[in-house]
Amino acid sequence: MRVAGSEEAVREVFDAHYGQLVGWTTRLVDDPDLAHDFATEAFVRLLRHWSSVQNPRAWLYTAVTNQVRDHWRRRGREAAAYDKWHAGSPVGIDVAAPGPDPADRLTVQGAVLALPDRLRAVVLLHYFADLPVVQVAQSLRKSEGAVKRDLFDARRLLANELEGVR
């Protein structure tokens with residue numbers, strides 16, 4: 001339900017944050033067109049929920065984070081299905097599964113996207129969207145202590161994953 005003036009208010013938020021949101025999302029998905037789609041969808045949802053949103057910037061980054069998470073889940077399922085039926089043939093004893101591409105390099109982005117969902121969302125919102133812990137907690141409906149613990153766990157996992165990588 002929209003209240004009078006919500007379109008104008010969302011338009012102001014759009015003018016202030018759309019470009020930055022698209023740039024942030026592009027770094028996550030490495031696809032400018034998809035990033036624009038995600039950011040636009042977040043603003044459409046913001047308009048629908050305007051009357052209940054307290055912090056539009058945090059709400060938008062959370063909405064995009066959720067879309068990116070769903071995108072990577074779908075891509076993971078697609079990759080698993082492809083691996084199972086590589087080149088139209090089931091992978092079995094007689095058919096070797098494709099090995100990792102040596103051209104693939106470990107990046108911070110890849111390491112963050114490989115984190116479990118509960119940790120990935122707090123890292124994306126806190127470190128990449130630059131939201132303070134209190135806003136991350138409100139956006140994800142968690143306590144500040146839970147967000148701090150998730151950040152601690154994520155830093156530990158990332159340190160192990162990225163150890164020796166420069």
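## Overall fold

Helices, and strands where there are any, are taken here as DSSP runs numbered from the N terminus. Read in that way along the sequence, the protein follows the pattern α-α-α-α-α-α-α, with 7 helices and 0 strands. The model is a predicted one, and the description below should be taken with that in mind.

Buried residues make up 36% of the 166 residues in the protein. Among the contacts that join residues at least 6 apart in sequence, 62% link residues at least 24 apart.

## Confidence of the prediction

The average pLDDT of the protein is 82, and 77% of the residues score at least 70. Residues 100-104 call for caution, since pLDDT stays under 50 over this stretch and the model gives it 0 contacts beyond four places in sequence. Where pLDDT is low, the predicted coordinates should not be read in detail.

## Helix H1 and the loop that follows

Helix H1 covers residues 6-29 and includes Gly 23, and Thr 25 is also placed in helix H1. Thr 25 counts as buried because its relative accessibility is 0%, which falls under the 20% cut-off. Leaving aside neighbours within four places in sequence, Thr 25 is in contact with Ala 35, Phe 38, Val 64 and Val 68. Gly 23, by contrast, is partly exposed, with a relative accessible area of 31%. Between Gly 23 and His 36 there are 8.8 Å in space, C-alpha to C-alpha, for a separation of 13 residues in sequence.

Asp 30 lies in the loop between H1 and helix H2, the latter formed by residues 32-49. Although Asp 30 is not a glycine, its phi is positive, at about 55°. With a relative accessibility of 67%, Asp 30 counts as exposed.

## A buried threonine in helix H3

Helix H3 is formed by residues 56-84, and Thr 62 is found in it. The relative accessibility of Thr 62 is 8%, so this residue counts as buried. When residues up to four places away in sequence are not counted, Thr 62 touches Leu 125, Ser 139 and Leu 140. Leu 125 falls within helix H5, which spans residues 117-128, whereas Ser 139 and Leu 140 fall within helix H6, which spans residues 133-140.

## Helix H7 and its start

Helix H7 runs over residues 144-162 and has 19 residues; from its first C-alpha to its last it reaches 26 Å, close to the 27 Å expected at 1.5 Å a residue. Ahead of this helix, Arg 141 lies in the loop between H6 and H7. Arg 141 is exposed, with a relative accessible area of 78%, and its phi is near 55°, a positive value in a residue other than glycine.

Glu 144 is placed in helix H7 and counts as partly exposed, at 40% relative accessibility. Its contacts, not counting residues up to four places away in sequence, are with Val 133, Val 134 and Ala 137. Glu 144 and Val 134 are 10 residues apart in sequence, and their C-alpha atoms are 5.9 Å apart in space.

## How helix H7 packs

The buried residues of H7 are Val 147, Asp 150, Leu 151, Asp 153, Ala 154, Leu 158 and Leu 162. These buried residues pack against helix H4 (108-113), helix H5 (117-128) and helix H6 (133-140).

Two packed helices are described by the angle between their axes and the distance between the axes. The axes of H5 and H7 come within 9 Å and cross at roughly 100°. That angle lies in the range of 65 to 115 degrees, and H5 and H7 are therefore roughly perpendicular to each other. On the H5 side, the residues that take part in the contact are Arg 118, Leu 119, Val 122, Val 123, His 126 and Tyr 127, and they meet Val 147, Asp 150, Leu 151, Asp 153, Ala 154, Arg 155 and Leu 157 of H7. By residue class, this contact of H5 with H7 divides into 8 nonpolar, 1 polar and 4 charged residues. Two of the charged residues on the H7 side, Asp 150 and Asp 153, are also listed among the buried residues of that helix.

Methods
Residues are numbered from 1 along each chain as its sequence is written. This is a predicted model: local features need pLDDT of at least 70, side-chain atom pairs count only at pLDDT 80 or more; totals for chains, interfaces and linings use all residues. Side-chain values use heavy atoms; hydrogens and water are left out. Helices (H or I, at least four residues) and strands (E, at least two) are DSSP runs, numbered from the N terminus. The expected span of a helix is 1.5 Å times one less than its number of residues. Buried means under 20% relative accessible area, exposed over 50%, partly exposed in between (1.4 Å probe, protein chains only). Contact means heavy atoms within 4.5 Å. pLDDT is the predictor's confidence in each residue, from 0 to 100. Axes are lines fitted to C-alpha atoms, for helices over the stretch in contact, and angles run from 0 to 180 degrees between N-to-C directions. Angles under 35 degrees count as roughly parallel, over 145 as roughly antiparallel, 65 to 115 as roughly perpendicular and the rest as oblique. Ala, Val, Leu, Ile, Met, Phe, Trp, Tyr, Cys and Pro count as nonpolar, Asp, Glu, Lys and Arg as charged, and the others, Gly among them, as polar.
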